[in-house]
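Tutor: Let's take a tour by question and answer. Keep the sequence and the 3D view open while we talk.

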Amino acid sequence: MSAVAAPAVNISVVTDKAKISAVNVKNRPFPLEWTRNIGIAAHIDAGKTTTTERILFYSGAVHKMGEVHEGTTVTDWMEQERERGITITAAAISCAWNASCGPWKGIKQRINIIDTPGHVDFTAEVERSLRVLDGAIAVFDAVAGVQPQSETVWRQANKYNVPRIAFINKMDRVGADFEMSIDSMRKKLGANVWPVLLPLGKEDYLKGQLDVINKKAIIYSDSDDQGSVYEITDVPEEHKAIVDKAYNDLVTAISDLDDEVGMLFLEEKPITPELLKAGIRRQTMANKFVPVVGGSAFKNKGVQYLVDAVIDYLPGPLDIPPAVGMEPDTHEKIEAPTDDNGTFCSLAFKLWSDPFVGKLVFFRVYSGTLSKGDTVYNPRTNKRERISRLIQIQADKREDIDTCYSGDIAAIVGIRNITTGDTLCDEDHPILLEPPSFPDPVISMAIEPKTKQDQEKMGVALQRLSEEDPTFKVFTHEDTGQTIIAGMGELHLEIIRDRMFREFKVDANAGKPQIAYRETITAPADGEGKLIKQSGGRGQYGHVIIKTHPNERGKGITIENKVVGGNIPKEYIPACKKGIEEAVLNGVVGGYQVIDAHIDIVDGSYHDVDSNELAFKLAAIFAVKDAFKKAKPVLLEPIMKVENMTPEEYQGDILGDLNRRRGKIGAIESKGNLTAVQAEVPLAEMFGYATAIRSLSKGRSSYSMEPSHFEQVPQQLVAAVLDQRDTK
């Protein structure tokens, strides 16, 4: 079966196989019913980009398969991605798919795919992609099963209620174990996963797939290494028992969840493949069930039927609940249903500086349409912008379009005054959609330009890069005046520096990476702040009394106004809150940001003439500093979740090294011929870890890590941390 590129669909033709609803305008190329917006997400090196590349090839979107190790893939288009063999930025691309079976057979489907990074340093790309997608393929390595970043991606998908399919990839690798991978998904992710396509064989003997629902075998031709030729046969005799068991387990699992299939099951009526697939689709879209597909993207076995499963089970834009936002002034809830004829509503989820076309704003249209020449409204800034150019993104290629429709993902060129997470909508019907949320940076370093010429360009480069990446922060150190850049890890900051040099021609020196420590309080305390200045004429008077106590971990800073009797006039309360928000940015132990504390503004006093907003803001800052000194403040450090994959003979050395790094050893599991060691280790101890394990294991161990939580710095190390800050 060799796929070819699809022509535009004439949606005025209504087929028996799919009724086209009135939500589509007549001139759109693909109706909403035949559209899927999906992401491909997983742990680093699970095979996301290779899977994307195969989907593009079999759909006819590209005519030669690219390979990650050769630097020839479509979605890894940045120089840094091709050099390092990793995905750094989420790439959007579209293709047309002709389903090979089921109710969609013969109907071209439009699939918009976002290939996301696997490395934890670029977790913001996954977060914002999942916020705007309707479904996802979660890719797992058949040898490793669920890995740390797999868990993070899964949690992100849960947060945004994204239905997903699991693809257990790399079934051709030595040590591949399909059952272990499914078991690890159930145990570690708590997922209700059941296979719909089993791998036929494994390692060197991987032949294809076993279709559990239709009880057929898909066997790929040995003479065609591109995986385009396969035949569908009856299940080989030796595999019939496995398929029968998998079918019975699948029917039982769906019967427990789905009323329609459950009723047929109880009444012992026949359950046709179409009815079973419909039940799986309903429960997948309800996020109660995850279909599992086994195969190998690299060896070109199983990708076609994986995409058929996307069409069969993942929702289109019409199948998801309407986007919910709020009216900017009244904060009333408003729905934006998917409908070309509705009022325009979209979410800007990504900004990108393109060297050829300038500033790009990627956005997802939830309702209505947008055409060149239209005006959009940003309710956050209360500004209007005219759309001069719209483009459809195909990884690094740009295709100008006149109109984009509801359910589409596209980009606007040249729009100003916008940040990631802004809503763009119709001015007469303002709505604020919930933006994606992003983690705080955990690592920072000082950076300085090499020459005066570089200095002028560096400010522009850092501003552009921080606009693009919500997890990249730039600020000036208040004591030294140095420019500090902060991000999610060493690799993140390394890529930022590399992009500054290549894209903005800025040459800069960087200091040693520094840890983003935090502070918190461990006891309740009262604080008082007074500002009294009298120097002739009008003076300054502000007086604030606060109470503070520790917040539960992860709750952040909360502030409540409990002033009664007008001791602080209402018009000065916002200034007090602003002062508190400013004060917590620099704690009293080492000047680090304070987290997880609750502050009540309880009392104060004012002067009829001398009081003003600035005086109360400064008084609030003094009150917070006073309270924090009494509240038994402590220093916190970021703790990383580390998983080390090592041959058994090096396990002792790896464990010893982790213990020396103040690591807490968690689970130790055997995965094939490797041992997976899980630990929680302070980030401060992880510098140079890659080099250390290379020498300990003769290059045979690998590791991955991701931020986990903050913990108190041991008392004996606090002085060393503070000395290090003072010498920065």
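**Touring the model**

Student: Is Cys404 buried or exposed, and what is its relative accessible area?

Tutor: Buried here means under 20% relative accessible area, exposed means over 50%, and partly exposed is in between, with a 1.4 Å probe and protein chains only. Cys404 falls in the buried class, because its relative accessible area is 0%.

Student: What kind of model are we looking at?

Tutor: Residues are numbered from 1 along each chain as its sequence is written, and side-chain values use heavy atoms, leaving out hydrogens and water. Local features need pLDDT of at least 70, side-chain atom pairs count only at pLDDT 80 or more, totals for chains, interfaces and linings use all residues, and the model is predicted.

Student: How many disulfides does the structure hold?

Tutor: Cys576 is another buried cysteine, at 0% relative accessibility. A disulfide would need a pair of cysteine sulfur atoms within 2.5 Å. The number of disulfides in the structure is zero.

Student: How many aromatic pairs are there?

Tutor: Rings of Phe, Tyr and Trp (its six-membered ring) pair if their centres lie within 6.5 Å; planes under 30 degrees apart count as stacked, over 60 as edge-to-face and the rest as tilted. By that rule, the count of aromatic pairs is eight.

Student: What do we call the pair of Tyr220 and Tyr230?

Tutor: Their ring centres are 5.2 Å apart. The planes meet at 50 degrees, so this pair is tilted.

Student: Which strands does that Tyr220 and Tyr230 pair tie together?

Tutor: Strands (E, at least two residues) and helices (H or I, at least four) are DSSP runs, numbered from the N terminus. Tyr220 is buried at 4%, and Tyr230 is buried too, at 14%. Because the two tyrosines sit in different strands, they join parts 10 residues apart in sequence: S8 (residues 216-220) and S9 (residues 230-234).

Student: Which residue joins Tyr220 and Tyr230 in their aromatic cluster?

Tutor: These tyrosines belong to one cluster. Its remaining member is Tyr305.

Student: Which residue lies over the face of Trp194?

Tutor: A charge sits over a ring if NZ of Lys or CZ of Arg is within 6 Å of the ring centre and within 35 degrees of the ring normal. Lys350 does this over Phe362, at 5.4 Å from the ring centre. Over Trp194, at 4.2 Å from the ring centre, you find Arg186.

Student: How many residues of helix H3 are buried?

Tutor: H3 covers residues 123-132 and is mostly covered. Buried residues in H3 include Glu125, Arg128 and Leu130. The buried count is 10 of 10.

Student: Which element gives the most residues to the lining of the second largest cavity?

Tutor: On a 1 Å grid over the protein atoms alone, a cavity is a set of points where a 1.4 Å probe fits but cannot get out, a pocket is an open set with protein on both sides within 12 Å along at least five of seven lines, and lining residues have an atom within 4 Å of a point. The structure holds seven cavities of 30 Å³ or more, and 12 residues line the second largest, with Tyr305 and Asp312 among those nearest its centre. Strand S6 (193-200) and helix H9 (303-313) each give two or more lining residues. The top contributor, with five residues, is H9.

Student: How much space lies in the second largest pocket?

Tutor: A volume is the space filled by probe spheres set on grid points, which are joined across faces, edges and corners. For the second largest pocket, that comes to about 910 Å³.

Student: Which strand supplies the largest share of that pocket's lining?

Tutor: The second largest pocket has 32 lining residues, and those closest to its centre include Pro439, Ser708 and His709. H3, helix H4 (148-159), strand S34 (633-647) and strand S37 (702-712) each supply at least two residues. With five residues, the largest share comes from S37.

Student: Is Asn417, with its positive phi, buried, partly exposed or exposed?

Tutor: Most residues other than glycine have a negative phi. Asn417 has a phi of about 50 degrees, and its place is the loop between strands S21 (409-413) and S22 (423-425). Because its relative accessible area is 44%, Asn417 is partly exposed.
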